[in-house]
Amino acid sequence: MSYLPADFRHGRRRGQAKPDCVVVGAGVVGCSIALALARRGYLPLVVDRAEDCGQGSTKLSTAVIRQRFLHAPAVALALEGLRVWQQWPEFLGVEDPRGMALFREVGVLWLLGGPAPRLPALAHMMETVGAKAELLDAGRLAGRFPQLHIPEEPSTLNGLYEPEGGYVDDPALATHNLRVAAEAAGARFLFGTRVTEVTSRFSAATGVARQVTGVVTSSGSAISAPVVVNAGGPHSGQINLMARSPLALATAPVRQQLLEGPAPGLMHAPTHLPVLADLPGGWYCKPDAHRFRVGSLDPRDELDFQADPDRVDPVVSAAFRKDKLSGAAARLPGAKLRSPRPMVGVYDVTVADWHPILDRTDLDGYFVAVGTSGAWFKGAPVIGHLMAELVEAVRDGFDHDRTPLLVRLPYTRNLLDLGFFSRRRSPIAAAGVLG
Ligand SMILES: Cc1cc2nc3c(=O)[nH]c(=O)nc-3n(C[C@H](O)[C@H](O)[C@H](O)COP(=O)(O)OP(=O)(O)OC[C@H]3O[C@@H](n4cnc5c(N)ncnc54)[C@H](O)[C@@H]3O)c2cc1C
């Protein structure tokens with residue numbers, strides 16, 4: 001099984017003038033949705049207010065590809081994403097003149113402080129889904145990762161190691177790769193154009209339910225389409241309001257501070273460091289020697305919800321800088337950052353449970369792929385596939401609200417219940433965030 005439908009031909013509907021679906025947002029999620037829809041014979045038009053794809057939340061993504069989540073459907077989505085990143089050129093099927101993003105399979109190591117009685121059950125669940133997970137006590141951690149400073153006391157430090165994890169080197173380039181593949185399949189892109197309204201009318205059939213009719217843009221043009229997908233990242237909540245379709249599970253922008261710079265000590269190191277998630281220290285790092293990044297995992301760091309994702313304070317606090325840099329330097333003595341650049345990104349968070357919402361809505365024809373909560377770059381190429389399956393099923397009369405759609409994932413063959421990502425779910429117990 002592959003991501004290409006059996007009857008797929010590149011650009012088969014390129015001559016057609018009118019789009020039959022509008023995707024709002026050309027981030028990694030919107031571009032992936034456009035690719036999957038175009039491969040099924042739709043003619044998607046992706047509208048983005050930026051001048052290029054991947055300039056929103058995606059641009060500053062750490063793009064860590066890990067599988068540790070507390071719930072099997074999330075592990076299944078992450079694992080399928082991993083398999084896609086491992087065979088990125090084959091998945092895309094086209095060359096991008098700008099170059100191809102690279103998945104660096106350096107492993108992901110989680111460090112957990114104190115007794116962790118539930119860790120074996122978590123590793124077992126991950127392996128049942130197909131994800132590799134190794135448990136390491138303090139002694140084995142020190143032997144396996146000599147680059148890390150593991151103090152002899154406390155000896156309660158535990159590790160969960162994902163040997164197949166890693167990171168994608170350039171998330172904006174990966175998004176451009178998706179765009180090129182989507183265009184080759186017949187999708188079109190409209191940049192520098194903001195969607196200002198999502199239009200609808202009462203359905204002729206029922207006179208009660210509303211049906212989406214398209215969007216209006218900042219240039220005043222109306223674009224008609226029977227399907228509109230919200231992939232607006234941190235603007236997702238605003239776009240739902242434009243569609244007069246707010247969700248019971250609200251999404252909201254959350255500000256995130258980061259530090260990034262070269263780590264000269266790693267440039268000629270004989271072994272790679274894994275991505276490290278140091279839970280007792282409250283930080284994670286992407287171990288790229290040229291763009292070494294440190295971010296927060298600290299539940300004590302304030303959750304910095306933003307009223308407006310376009311007015312986010314760009315200044316990284318001195319306390320953040322001091323705390324994260326000293327934590328990383330103590331754990332990784334060989335990876336001192338040179339002139340770290342402070343950066344501020346924005347997550348689109350599902351406020352109640354930090355899991356994405358991939359669903360239809362009460363407005364017929366209006367779909368959402370939102371609330372990726374700082375963690376779903378990894379699954380974005382698969383999210384496109386899931387959304388296209390959902391759009392098609394609903395078009396064919398499937399009642400997803402009554403019986404959630406089940407999707408067989410092409411590479412891992414896991415069966416994913418889309419009810420897990422429903423807008424109507426009860427909030428899921430959250431796992432915390434590291435990419
Ligand atoms: C700092 C940071 C670190 C992260 N680290 C990881 C990680 O390690 N691993 C991982 O898997 N995930 C990670 N994530 C999460 C991941 O990057 C996001 O889930 C993903 O990039 C979201 O993509 P998107 O396409 O939904 O949103 P975006 O990339 O934000 O795209 C939305 C697009 O919509 C456009 N838009 C918004 N409103 C409108 C409008 N009205 N009209 C037209 N266009 C509009 C925007 O311009 C934007 O281009 C991280 C995110 C951040 C911010």
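**Domain arrangement and the E3-E8-E4 sheet**

In the predicted model, the centres of domain 1 and domain 2, taken over C-alpha atoms, are separated by 29 Å. These two domains divide the protein chain, and each is assembled from separate segments: domain 1 comprises residues 21-81, 171-249 and 353-421, while domain 2 comprises residues 106-165 and 252-350.

The domains meet through contacts that involve 31 residues of domain 1 and 27 residues of domain 2. On the side of domain 1 that touches domain 2, two or more residues are supplied by each of strand E3 (64-65), helix H2 (72-86) and helix H7 (236-242). The greatest contribution to this side comes from H2, which provides four residues. By residue class, the side of domain 1 that touches domain 2 consists of 14 nonpolar, 14 polar and three charged residues.

Strand E3, one of the elements on that side of domain 1, also takes part in a sheet. This sheet is open and is formed by three strands in the order E3-E8-E4, with antiparallel pairing. Its edges are occupied by E3 and strand E4 (103-104), each of which pairs on one side only. In the order of the sheet, E8 lies between E3 and E4. Strand E8 spans residues 166-168 and runs antiparallel to E3, to which it is joined by two bridges. At the level of individual residues, Ile-65 has Gly-166 of E8 as its bridge partner.

Notes: Residues numbered from 1 in each chain as written. Predicted model: local features only at pLDDT ≥ 70, side-chain atom pairs only at ≥ 80, totals over all residues. Domains from an automatic or database assignment. Contact = placed C-beta atoms within 7 Å. Nonpolar A, V, L, I, M, F, W, Y, C, P; charged D, E, K, R; others polar. Pairing = 2+ DSSP bridges.
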